[in-house]
Amino acid sequence: MDMGEEMHGSRAIAIWHRTVGWASRELAALEPNKVAHLKVRSGEHLAAILISSFMYRMPIEMDVDGGVDLLYSLASLEQDGFRELFPEGMDRAAFEVKSLGSGFRTMDSKIDRISARGGNPAGLSISVEVRAAADILAEADVLLRRACDGLAAKTDEASSKNAFLVIHPFDHFAMETYEHQVIGPFLPDMRSYDGLDSIWILWVPEHLSVWSKRLGGWTDLIFTAANSDEDREPCLSVLQDAEAVFLEAIDYRKGSPYYFGFNA
């Protein structure tokens with residue numbers, strides 16, 4: 001099978017990149033005591049920004065006392081092709097956010113400690129194996145089942161149950177994210193997670209894939225769409241730009257592991 005045949009018929013939904021910036025500003029303007037509970041190092045703020053971008057609405061609840069991480073209303077959700085990612089007859093969408101970490105967390109903490117002492121972390125390095133996305137997702141099984149159990153305990157029958165998994169490329173580098181914009185056709189069947197209505201995978205910084213139980217397949221959510229005459233700052237991705245706006249607006253000064261770049 002050639003690449004064209006493999007991609008033919010795959011499903012994707014795209015939004016204008018400026019919608020992501022809008023979502024970051026609106027999210028930062030919510031109640032400070034709730035926004036402050038978003039765990040930046042785990043990427044919970046990135047999940048909130050992107051879900052809000054595609055739903056074009058803010059969460060109605062965020063976890064401050066052991067509830068679900070994010071809760072959204074599904075009422076009057078009319079974005080083309082997006083509502084059908086969720087089950088019919090549900091009023092709300094509950095999300096548990098997980099991060100598939102590895103050695104980069106230790107390295108990132110070391111960089112922060114050196115910088116805090118006034119040192120220079122230049123010269124530190126980390127080695128990451130480039131692997132197939134399906135192999136990486138196999139390692140997330142425990143996290144996804146933990147999300148499933150948490151949602152079952154925290155939600156009622158009126159809420160759909162959804163997991164959002166954040167994957168940093170310096171922890172797990174998926175070959176497909178380097179080679180393709182649309183990666184759903186390369187991802188595995190996730191039907192075994194019967195307790196989850198959808199599984200969102202953020203391959204930081206520019207790929208977002210969603211498995212929908214209702215649709216029985218993957219949808220690529222593209223949030224980098226732009227007009228041909230638009231100029232963007234090339235050193236940061238769309239999501240990194242939005243994250244910078246959000247963190248500045250909430251006066252977060254502890255640094256983010258999601259500020260990075262590649263030099264080809």
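**Exercise 1.** How are α2 and α4 oriented to each other: roughly parallel, roughly perpendicular or oblique?

*Solution.* The model is predicted. Two packed helices are described by the angle between their axes and the distance between the axes. Helix α2 covers residues 18-28 and helix α4 residues 44-55; their axes lie 8 Å apart at an angle of about 120°. Angles of 65 to 115 degrees count as roughly perpendicular, and those over 145 as roughly antiparallel. The helices α2 and α4 are therefore oblique to each other. The crossing of α2 past α4 is right-handed.

**Exercise 2.** Determine which residues form the contact of α2 with α4, and describe their character.

*Solution.* On the α2 side stand Thr19, Val20, Trp22, Ala23, Ser24 and Leu27; on the α4 side, His45, Ala48, Ile49, Leu50, Ser52 and Ser53. Of the residues in this contact, seven are nonpolar, five are polar and none is charged.

**Exercise 3.** Which members of the largest nonpolar core touch the most other members?

*Solution.* The core has 47 residues, and the members sought are Met55, Leu70, Phe82, Phe86, Phe95, Phe164 and Trp200. Helix α4 supplies the largest share of this core, eight residues. Beyond four places in sequence, Leu70 touches residues including Ala47, Ala48 and Ile51. Another core, of 28 residues, lies apart; Leu143 and Ile167 are among its members.

**Exercise 4.** Is Lys34 buried or exposed?

*Solution.* Lys34 belongs to helix α3, residues 32-35. Buried means under 20% relative accessible area. Lys34 has 18% relative accessibility and therefore counts as buried. Apart from neighbours within four places in sequence, Lys34 contacts Ile60, Glu61, Met62 and Val64.

How values were computed. Residues are numbered from 1 along each chain as its sequence is written. This is a predicted model: local features need pLDDT of at least 70, side-chain atom pairs count only at pLDDT 80 or more; totals for chains, interfaces and linings use all residues. Side-chain values use heavy atoms; hydrogens and water are left out. Axes are lines fitted to C-alpha atoms, for helices over the stretch in contact, and angles run from 0 to 180 degrees between N-to-C directions. Helices (H or I, at least four residues) and strands (E, at least two) are DSSP runs, numbered from the N terminus. Angles under 35 degrees count as roughly parallel, over 145 as roughly antiparallel, 65 to 115 as roughly perpendicular and the rest as oblique. A crossing is left-handed if the near helix is turned anticlockwise from the far one by less than a right angle, and right-handed if clockwise. Contact means heavy atoms within 4.5 Å. Ala, Val, Leu, Ile, Met, Phe, Trp, Tyr, Cys and Pro count as nonpolar, Asp, Glu, Lys and Arg as charged, and the others, Gly among them, as polar. A nonpolar core is a set of buried Ala, Val, Leu, Ile, Met, Phe, Trp, Tyr and Cys residues joined through side-chain atoms within 4.5 Å. Buried means under 20% relative accessible area, exposed over 50%, partly exposed in between (1.4 Å probe, protein chains only).
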